[in-house]
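Visitor: I'd like someone to walk me through this model and tell me what stands behind each label. Could we take it piece by piece?

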Amino acid sequence: MKKQLNLRSMAAQAVEQVVEKGQSLSNVLPALQQKVGDKDKALLQELCFGVLRSLSQLEWMIKQLMERPMTGKQRTVHYLIMVGFYQLLYTRIPPHAALAETVEGAVVIKRQQLKGLINGVLRQFQRRQEELLNEFAQTELRYLHPSWLVKRIRDAYPQQWESILEANNQRPPMWLRVNRNFHTRDAWLALLAEAGLNGFPHPDYPDAVRLETPTSVLALPGFEQGWVTVQDASAQGCVSYLQPQNGEQILDLCCAPGGKTTHILEVAPQADVMAVDVDEKRLSRVYDNLKRLGMKATVKQGDGRHPEQWCGEQQFDRILLDAPCSATGVIRRHPDIKWLRRDRDIIELAQLQADILNATWLHLKTGGTLVYATCSILPEENQQQIAAFLALTPDALLSETGTPEQPGRQNLPGAEEGDGFFYAKLIKK
């Protein structure tokens, strides 16, 4: 059966699901990867991520080389041609192999009659590649982002917008979190070196290690024993600001997939942690993470706008609110975000965040700490959100993160540092 599979056609179908049906690649890709051997999983992921990263470029190239777009039932062929272009532009796959496998993909999706067309377009692209690349570099599409998002980022960061867009288009680094209950970070880095791998500590986040080269988790010393977890450095900053203590009642809201829940419990193993998320399916990942690390938390499905439904009148010493957001700070990890988000989403998300923040604040004890965090870089979800909250909430005091005029700390995506992330630490007076 596996001989009938064609990675190029699978990648084309996955990209079609994202672009045409609005599906998240995180939902589409795992099911496809289960159909292929371990050796092919990485290539299938590379093809899907790569096509989505450079989608606007590949779309433009097709328009230059084809008089009429593929429509209706032929639409998968459109994305198959994109997969072919991507291999020729960005991978080390020998061109003859890329062409042969891509053309063969038409057979698997039952479009055998179009093999000649696909072959012709790919060969024409090979001949005109340099000319097309030079032309594309002069267009507004060269940033590989939708125009509405380019405008928002340019307005928010007039000095840095191009470097942000460039960072979004790179492959992300692999960050790890060392479990301090087993080793110090330096001790685990020594074990990593013994395993023949290099890692680098983060200057701000005490448990964070960046691998020189991404690798399988199974190659990491003690991964299965819970010594280390894959988690971006910026995400680890949440717990640095939360500063959980043993014996405290702590709420991790919007917790899935559970990386921050388990980080809280690594720092404060005797804390009483409630982990809540609105998405019941994603809560399975929270259970998986807790199980691997041998930890316990109270896990609940619930809407952050209505905490009374899942915690009654309970008050918490500390609350981590990792608010639902546009995810514009993690585009390099999830390139489909660029094409799934819409400009109108930002206003709706900002209102949802405000509703959750206001409702959750009522469940924070006097003297307690709430850390508001997003993986967004847009001011409407971050600085403006917190400024509005502080203006309307007399018993809220900003701590450690920014000033009342510029509240919060905004991390931007960087080549080697963490993802784009925002934090605001609030104390209840």
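Guide: Let's start with the second largest pocket, which has 14 lining residues, with Arg53, Tyr90, Leu144, Asn169 and Gln170 nearest its centre. Keep in mind that this is a predicted model, where local features need pLDDT of at least 70 and side-chain atom pairs count only at pLDDT 80 or more, while totals for chains, interfaces and linings use all residues. Residues are numbered from 1 along each chain as its sequence is written, and side-chain values use heavy atoms, with hydrogens and water left out.

Visitor: What makes something a pocket, and what makes a residue part of its lining?

Guide: On a 1 Å grid over the protein atoms alone, a pocket is an open set of points with protein on both sides within 12 Å along at least five of seven lines, whereas a cavity is a set where a 1.4 Å probe fits but cannot get out; lining residues have an atom within 4 Å of a point. The second largest pocket holds about 250 Å³ of space, a volume being the space filled by probe spheres set on points joined across faces, edges and corners.

Visitor: Which helices supply at least two residues each to that lining?

Guide: Helix H3 (38-53), helix H5 (75-90) and helix H9 (161-168) do, and H9 gives the most, with three residues. Those labels are DSSP runs numbered from the N terminus: H or I of at least four residues for helices, E of at least two for strands.

Visitor: Why is Leu144 called buried?

Guide: Buried means under 20% relative accessible area, exposed means over 50%, and partly exposed is in between (1.4 Å probe, protein chains only). Leu144 comes in at 10%, so it counts as buried. Leu144 sits in the loop between helix H7 (115-136) and helix H8 (147-156), and has a positive phi of about 60 degrees although it is not a glycine.

Visitor: On to the cysteines. How do you know that Cys325 and Cys375 don't form a disulfide?

Guide: A disulfide is a pair of cysteine sulfur atoms within 2.5 Å. The closest cysteine sulfur to that of Cys325 is in Cys375, 3.5 Å away, so it is too far for a bond. By this rule the count comes to zero disulfides.

Visitor: Are those two cysteines buried or exposed?

Guide: Cys325 has 10% relative accessibility, so it is buried, and Cys375 is buried too, at 17%. Cys375 lies in the loop between strand S9 (364-374) and helix H17 (383-392). An unreviewed UniProt entry lists Cys375 under "active site"; such annotations may be inferred rather than shown by experiment, and their positions use the numbering here, with feature names shortened.

Visitor: What does Cys375 touch?

Guide: Not counting residues up to four places away in sequence, Cys375 touches Cys325, Ala327, Thr328, Gly329, Val330, Gly420 and Phe421; contact means heavy atoms within 4.5 Å.

Visitor: What makes Pro257 partly exposed and Gly258 buried?

Guide: Pro257 has a relative accessible area of 26%, so it lands in the in-between class, while Gly258 has 0% and therefore counts as buried. The unreviewed UniProt entry lists both under "binding site". Pro257 is in the loop between strand S5 (249-253) and helix H12 (259-267), and the peptide bond from Ala256 to Pro257 is cis, with omega near 10 degrees.
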